[in-house]
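Biologist: Could you walk me through this structure, taking it slowly and one residue at a time to begin with?

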Amino acid sequence: MTDISQDALDKAVALIGRNLDRQLSKGRISAEDKYAAMARIKTTLNLAEIGPSDLIIEAATEREAVKNAIFEAAGKVLHTDAIMASNTSSIPITRMANHSPDPARFIGLHFFNPVPVMGLIEVIPGLATAPATTDRVTAFARSLGKEVVLSQDEPGFVVNRILLPMINEAVFV
């Protein structure tokens, strides 16, 4: 996990720990599961350290310029088979893929909050996303125990395209 400051990384790790503690207290995971999960988390401020990763998932603020800068920087250090994914809920995947070294290895992977509780995940290939990329990311999402919804790269993807009109209708009623 990388971020813009050590403080941000420390807060993220602490939040993950609290979330795992909550799952532990509800009997959803064991103490061993919690400790194993925490042990797998590695943090760095040095983006070069993510170079060996097979998949990176960007989860920055919903500001396209920020996300694009991350993809451009990460693209300089990742190996040639690595997949870049964005957790965006609204920015077009095809457009963001233009800021990656290879749009065929770029995809949307939209987790829903709270991530440990929500079983749904959207996989959103862009126009240039290779089928092999979609297959790898779908398999990864399923390995997390998530129910995968494959979406087109259209505004709102699947869930928000359905949810927002429903919310509007509720307000009208």
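Modeller: Let us begin with Glu58, which lies in strand 1, the stretch covering residues 55-58. Please keep in mind throughout that this is a predicted model.

Biologist: Okay, is Glu58 buried or exposed?

Modeller: Glu58 has a relative accessibility of 4%, and because buried means under 20% relative accessible area, Glu58 counts as buried.

Biologist: And which residues does Glu58 touch, if we skip those up to four places away in sequence?

Modeller: With those left out, Glu58 touches Lys67, Ile70 and Phe71, and also Ala85, Ser86 and Asn87. As for distances through space, Glu58 and Leu109 are 51 residues apart along the chain, while their C-alpha atoms are separated by 9.1 Å.

Biologist: Leu109, got it. What else is Leu109 in contact with?

Modeller: Leu109 is one of the residues in contact with Val137, and the others on that list, leaving aside neighbours within four places in sequence, are Leu55, Ile83, Ile107 and Val123. Val137 itself is found in helix 5, which covers residues 131-143.

Biologist: So where does Val137 stand, buried or exposed?

Modeller: Val137 counts as buried, because its relative accessibility is 1%. You can also compare sequence and space here, since Val137 and Pro125 are 12 residues apart in sequence and 9.7 Å apart from C-alpha to C-alpha.

Biologist: Let's switch to a loop. Where is Asp81 found?

Modeller: Asp81 is found in the loop between helix 3, residues 64-75, and strand 2, residues 83-86. Not counting residues up to four places away in sequence, Asp81 touches Asp54, Arg105 and Arg136. The C-alpha atoms of Asp81 and Ser53 are separated by 9.3 Å, and these two residues are 28 positions apart along the chain.

Biologist: What about the start of the chain, say Ile4: buried or exposed?

Modeller: Ile4, which is found in the segment before helix 1, has a relative accessible area of 81%, and because exposed means over 50%, Ile4 counts as exposed. The C-alpha atoms of Ile4 and Leu45 are nevertheless separated by 6.8 Å, with their positions 41 residues apart along the chain.

Biologist: You mentioned helix 1. How do helix 1 and helix 2 cross?

Modeller: The axes of helix 1, residues 6-25, and helix 2, residues 31-40, come within 10 Å and cross at roughly 165°. Angles over 145 degrees count as roughly antiparallel, and therefore these two helices are roughly antiparallel to each other. The crossing, in which helix 1 passes helix 2, is right-handed.

Biologist: Which residues make that contact?

Modeller: Helix 1 contributes Val13, Ile16, Gly17, Leu20, Asp21 and Leu24, and helix 2 contributes Ala31, Lys34, Ala37 and Met38. Sorted by class, the contact has seven nonpolar residues, one polar residue and two charged residues.

Biologist: Now zoom out for me. How many helices and strands does the chain have?

Modeller: The chain has six helices and five strands, and if you read along the sequence they follow the pattern α-α-β-α-β-α-β-β-α-β-α.

Biologist: And how compact is the chain?

Modeller: The radius of gyration is 17 Å, close to the 16 Å that the globule rule gives for 173 residues, so the chain is as compact as a globular protein of that length. Along its principal axes, the C-alpha trace spans about 50 × 40 × 30 Å.

Biologist: Last one: how much of the chain counts as buried?

Modeller: Of the 173 residues, 32% count as buried. In addition, among contacts with a separation of 6 or more, 61% are accounted for by residues 24 or more positions apart.

How values were computed
Residues are numbered from 1 along each chain as its sequence is written. This is a predicted model: local features need pLDDT of at least 70, side-chain atom pairs count only at pLDDT 80 or more; totals for chains, interfaces and linings use all residues. Side-chain values use heavy atoms; hydrogens and water are left out. Axes are lines fitted to C-alpha atoms, for helices over the stretch in contact, and angles run from 0 to 180 degrees between N-to-C directions. Helices (H or I, at least four residues) and strands (E, at least two) are DSSP runs, numbered from the N terminus. Angles under 35 degrees count as roughly parallel, over 145 as roughly antiparallel, 65 to 115 as roughly perpendicular and the rest as oblique. A crossing is left-handed if the near helix is turned anticlockwise from the far one by less than a right angle, and right-handed if clockwise. Contact means heavy atoms within 4.5 Å. Ala, Val, Leu, Ile, Met, Phe, Trp, Tyr, Cys and Pro count as nonpolar, Asp, Glu, Lys and Arg as charged, and the others, Gly among them, as polar. The radius of gyration is taken over C-alpha atoms; the globule rule is 2.2 Å times the number of residues to the power 0.38. Buried means under 20% relative accessible area, exposed over 50%, partly exposed in between (1.4 Å probe, protein chains only).
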